[in-house]
Amino acid sequence: MSEKKKGFSLAIIGCVFWGLSGNVAQDLFEQAHIGPMWLVGVRLLGAGTLLVTWSHLTLPTAKVKALKTRAYLPRLVCFALLGMIPSQLTYFLAIKHGNASSATILQFLGPLFIIIYLALKQLQWPRRVDIISIVVALAGTTLLVTNGNLNQLALEPLGLFWGIMAGVSQASYTLLPSKLLASFDAKLVVGWAMIIGGLCFIPTLITTKVAALSWLNLAEIGFIIVFGTMLSYLFYLKSTSYIAPATTGMLSAFEPLTASLVGLGLGTVHFTLIGILGACLVLSTAFLQSLASK
């Protein structure tokens, strides 16, 4: 297999795992009556422990210890509290109050908020392609949540709110760790950020009474931790070693595509032609940004 095909395969598999984890989370919310905060806490602690263990086994000890020094620890904690926790929690809340398909699509609004943030920070107008991306994203979101009827929402208000917040949180998740990732292995940074974030949910994990979980429920939780978090992240990250980051960014559209197709197959989501057009417009912003950077 050529390096290009290997990169494509890793990126697509990682995004498919991400998309499937959204459908699995939706099933847990509906069938096992598990709350988003409980599931986020378990996911962060479980996946974080696996990533940190992986890092300790494969990275030099000095590099692992350096992350926890006074020079980097405040940035790591900031990333965990302002990037990791919001991105995970808003995404699962969007699934809980909406569905996995709409949550993954609305999360694609993240680049829009990055564009706005950078324009304000640099005090200059966005590029022409950025303005086009904003207009396309807003038009797509409007069509997606209204199905073309502006007098009513096709999505629950809370589902829409948390979906948009997931996009905002995805932007902060992308921007905050840039300096850390320039100095350390990404799985080490993300792993420790997950553990730090997961510790904040310990009170919820201790006090929440969860009904008896079936073997299927336990398998679903395991899938979210191992495949939907750790392996999906590692595959997606590894793909950038073989293909350009811009290409990887475009292939991330397989995440909402997977969640939508599975949702349609299970009958948990229904799209009109207008809704499908809106989803395509939102997802197209990733292609616009990737082509512009190329």
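The legends below describe close-up views of a predicted model.

**View 1. The largest nonpolar core and its most connected members.** This core holds 50 residues, and those that touch the most other members are Leu28, Leu39, Leu67, Leu76, Met84, Phe92 and Ile221. At least two residues of this core come from each of the helices α1 (3-32), α2 (36-58), α4 (73-97), α10 (186-199) and α12 (215-239). The greatest contribution to this core is made by α4, which gives 11 residues. In soluble globular proteins, nonpolar side chains tend to be buried together.

**View 2. The surroundings of Leu76.** When residues up to four places away in sequence are left out of the count, Leu76 touches Leu67, Leu180, Val189, Trp192, Ala193 and Ile196. Both Leu76 and its contact Leu67 belong to the group of residues in the largest nonpolar core that touch the most other members.

**View 3. Another core, apart from the largest one.** This core is made up of 16 residues and lies apart from the core shown in the views above, with Phe108, Leu155, Ala279 and Val282 among its members.

**View 4. Cys78 and Cys280, two cysteines without a bonded partner.** A disulfide is a covalent bond between the sulfur atoms of two cysteines, and the count for this model comes to 0 disulfides. For Cys78, the closest cysteine sulfur is that of Cys200, and because the two sulfurs are 13 Å apart, they are too far from each other for a bond. The sulfur of Cys280 has its closest cysteine sulfur in Cys15, at 17 Å, which is likewise too far for a bond. Cys78 counts as partly exposed, with a relative accessibility of 31%, and Cys280 also counts as partly exposed, at 46%.

Notes:
Residues numbered from 1 in each chain as written. Predicted model: local features only at pLDDT ≥ 70, side-chain atom pairs only at ≥ 80, totals over all residues. Heavy atoms only, no water. Core = buried A, V, L, I, M, F, W, Y, C linked by side-chain atoms within 4.5 Å. Buried < 20%, exposed > 50% of the residue type's maximum accessible area, 1.4 Å probe, protein only. Helix = DSSP H or I, 4+ residues; strand = E, 2+ residues; numbered from the N terminus. Contact = heavy atoms within 4.5 Å. Disulfide = S-S within 2.5 Å.
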